[in-house]
Amino acid sequence: MMATIDLEAPDRQLTPGQVEWFSSLKGTPAGTIDFSGLTDDEIRAQCAMIVSAVRSKLPVAEMNVVLARYGATEYEDVEGRRRWSFSRERADAILALADWMRPMLVNVPPMAVDMLLARQFANHVKTKISVRDMAASFGCSKSTFHRASAVVREHVLQLESLARDRLHPYFVEQGVIPPAADLSTAEKTN
């Protein structure tokens, strides 16, 4: 409803809370998404198609890394401060990735693997969890967590790259990505 009214009219001013909420819904341009020329229904349909493709066209580990990276982030206001949290979808994806990755990190306590993965997908400006903090919490050395963090980061980047490569042709075919953005394999390797 807010998008359809004239917000410049003096009798239609939003409260600061409404402005913040409305701005978060609209988001900020990232330079990679262009909804120009699409109706609201077409945007919803395109988003649903993308989510469906992630769930149906990717192997489980790749699907989980995409859901962990791009799933919704929830928040609540507690005592005048905003507290952020992963949505159930993102949390489930992170836990599934942790289960998949545990055999690669045998020297790291199981719950610490969960935290190492959550660190990869958290907003690092608002959530500062250092390897020193993890060492104090889980009883391993800082260097153990530093090495494990590098392993996790590398696997996450590899899974994201594989997912992108797997979804790219489908998104071009569906018109989500313009054909001009469809790079040949020779251009990708250069």
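Start your tour at glutamate 79, which sits in the loop between β1 and β2. (Helices here are DSSP runs of H or I with at least four residues, strands are runs of E with at least two, and both are numbered from the N terminus.) Keep in mind that this is a predicted model, where local features need pLDDT of at least 70, side-chain atom pairs count only at pLDDT 80 or more, and totals for chains, interfaces and linings use all residues. Residues are numbered from 1 along each chain as its sequence is written, and side-chain values use heavy atoms, with hydrogens and water left out.

**Stop 1: glutamate 79**

Is glutamate 79 buried or exposed? It counts as exposed, because its relative accessibility is 81%. (Exposed means over 50% relative accessible area, buried under 20%, and partly exposed in between, using a 1.4 Å probe and protein chains only.) Check the backbone here too: phi of glutamate 79 is near 50°, a positive value in a residue other than glycine.

**Stop 2: the whole chain**

Zoom out and colour by secondary structure. You should find eight helices and two strands, and going along the sequence they follow the pattern α-α-α-β-β-α-α-α-α-α. Of the chain's 190 residues, 28% count as buried. Now think about contacts, meaning heavy atoms within 4.5 Å. Among those in the chain with a separation of 6 or more, 51% are between residues 24 or more positions apart.

**Stop 3: helix α4**

Select residues 88-101. That's α4, with 14 residues, and it reaches 20 Å from its first C-alpha to its last, close to the 20 Å expected at 1.5 Å a residue. (The expected span is 1.5 Å times one less than the number of residues.) Next, show the side chains of Arg90, Ala93, Ile94, Leu97, Ala98 and Met101, the buried residues of α4. They cover an arc of only 140° around the axis, so they lie on the same side of α4. (The arc is that of the directions from the helix axis to the C-beta atoms.) Swing round to the other side of α4 and you'll meet Arg88 and Asp99, which are exposed.

What do the buried residues of α4 pack against? Add α3 (60-70), β1 (73-78), β2 (81-86), α5 and α7 to your view, and you have the answer.

**Stop 4: α5 against α7**

Two packed helices are described by the angle between their axes and the distance between the axes. Here, α5 and α7 pack at about 55°, with their axes 10 Å apart. That angle makes α5 oblique to α7. (Axes are lines fitted to C-alpha atoms, for helices over the stretch in contact, and angles run from 0 to 180 degrees between N-to-C directions. Under 35 degrees counts as roughly parallel, over 145 as roughly antiparallel, 65 to 115 as roughly perpendicular, and the rest as oblique.) For the contact itself, select Ala112, Leu116, Leu117, Arg119, Gln120 and Phe121 on α5, then Phe145, Ala148, Ser149, Val152, Arg153, Val156 and Glu160 on α7.

Pause on serine 149, in helix α7 (residues 142-174). Serine 149 counts as buried, because its relative accessibility is 5%. Leaving aside neighbours within four places in sequence, serine 149 is in contact with Leu116, Arg119 and Gln120. Then click on alanine 150, also found in helix α7. Alanine 150 is partly exposed, with a relative accessible area of 35%. Its C-alpha atom and that of leucine 116 are separated by 9.6 Å, though the two residues are 34 apart along the chain.

**Stop 5: α3 across α7**

Bring α3 back into view. The axes of α3 and α7 come within 9 Å and cross at roughly 100°, which makes α3 roughly perpendicular to α7. On the α3 side, pick Ala61, Glu62, Val65, Val66 and Arg69; they meet Val156, Leu159, Glu160, Leu162, Ala163 and Arg166 in α7.

**Stop 6: α6 and its ends**

Move to serine 130, in the loop between α5 (110-121) and α6 (131-138). Serine 130 is partly exposed, with a relative accessible area of 29%. Draw a line between the C-alpha atoms of serine 130 and histidine 146, and you get 9.2 Å for residues 16 apart along the chain.

Now for α6: its buried residues are Val131, Met134 and Ala135. They span an arc of only 100° around the axis, so they share the same side of α6. What covers them includes α5 and α7. The face turned away from that buried side carries the exposed residues Arg132, Ala136 and Ser137. Finish at glycine 139, just after α6, which takes a positive phi of about 85°.
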